[in-house]
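Trainee: I am new to this structure and would like a close look at one part of it. Could you take me through the nonpolar core and what surrounds it?

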Amino acid sequence: MSSVNENLQASNDEAIVKRVQEGDVNAYNILVIKYQHRVAQIISKFLNSSDDVSDVAQEAFIKAYKAINSFRGESSFYTWLYRIVVNAAKSYIESNSKHKHNVDVDSEEFQAIDEQGVLASKDTPDRIIESQELQQVIVNAMNALPEELRRAITLREVEGMSYEDISLVEKVPVGTVRSRIFRARQFIEEKMNKFAVK
């Protein structure tokens, strides 16, 4: 059953990535919402400070967005993102001397990452601040959702559950689950659109 869910997740990710590649900027934020916790967990293996973890996570998501057109679906989106995240952590550690004695950047875990994941950073302070503000807009939008919509979108995008599994957890028909997720996405996208035209 889990392999079926994993396959569904992968195909869903590819559909979202395709939307981003076709110019739907807002679709990318669905991927950010879905993977932000897992990305933070990866980075926290190498960095202890929550501020550092947050900085590297934002940098990794910006790098992934800039490189999104290079994603060809040869691996899952999460595997592709994982490479970028680990390389972002490695770059951060190497450029911040205070971390160098705490982490072995030549460890097997770092060395196992494909060098294609390394991307040059051209992030300006304005761009980073804008990314942080957008993430806050998304968080605020999630918090402003009615409880049943927030649970549905969280189970779908963060936990990666299928509509059927959410239906079982929430004890409502699949059609209701789809409706709740649609309304939640619509609400979040409206908030992001308002931010984008500021």
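Mentor: Happy to; we begin with the model itself and then move into the core.

This is a predicted model, in which local features need pLDDT of at least 70, side-chain atom pairs count only at pLDDT 80 or more, and totals for chains, interfaces and linings use all residues. Residues are numbered from 1 along each chain as its sequence is written, and side-chain values use heavy atoms, with hydrogens and water left out.

The score pLDDT is the predictor's confidence in each residue, from 0 to 100. The protein chain averages 75, and 74% of its residues score at least 70. Helices here are DSSP runs of H or I with at least four residues, strands are runs of E with at least two, and both are numbered from the N terminus. Among the elements of the chain, α3 has the highest mean pLDDT, 88, and α6 (residues 108-111) the lowest, 46. Residues 108-124 have a pLDDT below 50, and beyond near neighbours in sequence this stretch makes 34 contacts in the model, a contact being heavy atoms within 4.5 Å.

Now to the core. A nonpolar core is a set of buried Ala, Val, Leu, Ile, Met, Phe, Trp, Tyr and Cys residues joined through side-chain atoms within 4.5 Å. Buried means under 20% relative accessible area, exposed over 50%, and partly exposed in between, using a 1.4 Å probe and protein chains only. The largest core has 34 residues, and those touching the most other members are Y28, V39, I43, F77, W80 and L81. Two or more residues come from each of α1 (2-21), α2 (25-43), α3 (50-66) and α4 (77-95). The largest share, 11 residues, belongs to α4.

Let us zoom in on I43, which lies in helix α2. I43 counts as buried because its relative accessibility is 0%. Leaving out residues up to four places away in sequence, I43 touches V53, V56, A57 and V85. I43 and S54 are 11 residues apart in sequence, with their C-alpha atoms 8.8 Å apart. With neighbours within four places again set aside, V39 is in contact with A57, F61, L81 and V85.

Helix α3 deserves a look of its own. Its buried residues include V53, V56, A57, F61 and I62. The expected span of a helix is 1.5 Å times one less than its number of residues, so the 17 residues of α3 should span 24 Å, and the 24 Å between its end C-alpha atoms agrees.

Next come the aromatic residues. Rings of Phe, Tyr and Trp (its six-membered ring) pair if their centres lie within 6.5 Å; planes under 30 degrees apart count as stacked, over 60 as edge-to-face and the rest as tilted. The structure holds 7 such pairs. One of them joins F71 and F77 edge-to-face, with 5.9 Å between centres and 75 degrees between planes. F71 is buried because its relative accessibility is 6%, and F77 is buried too, because its relative accessible area is 2%. F71 and F77 belong to one aromatic cluster with Y35, Y78, W80 and Y82.

Finally, there is a second, separate core of 21 residues, which includes V137, I153, V158 and V172.
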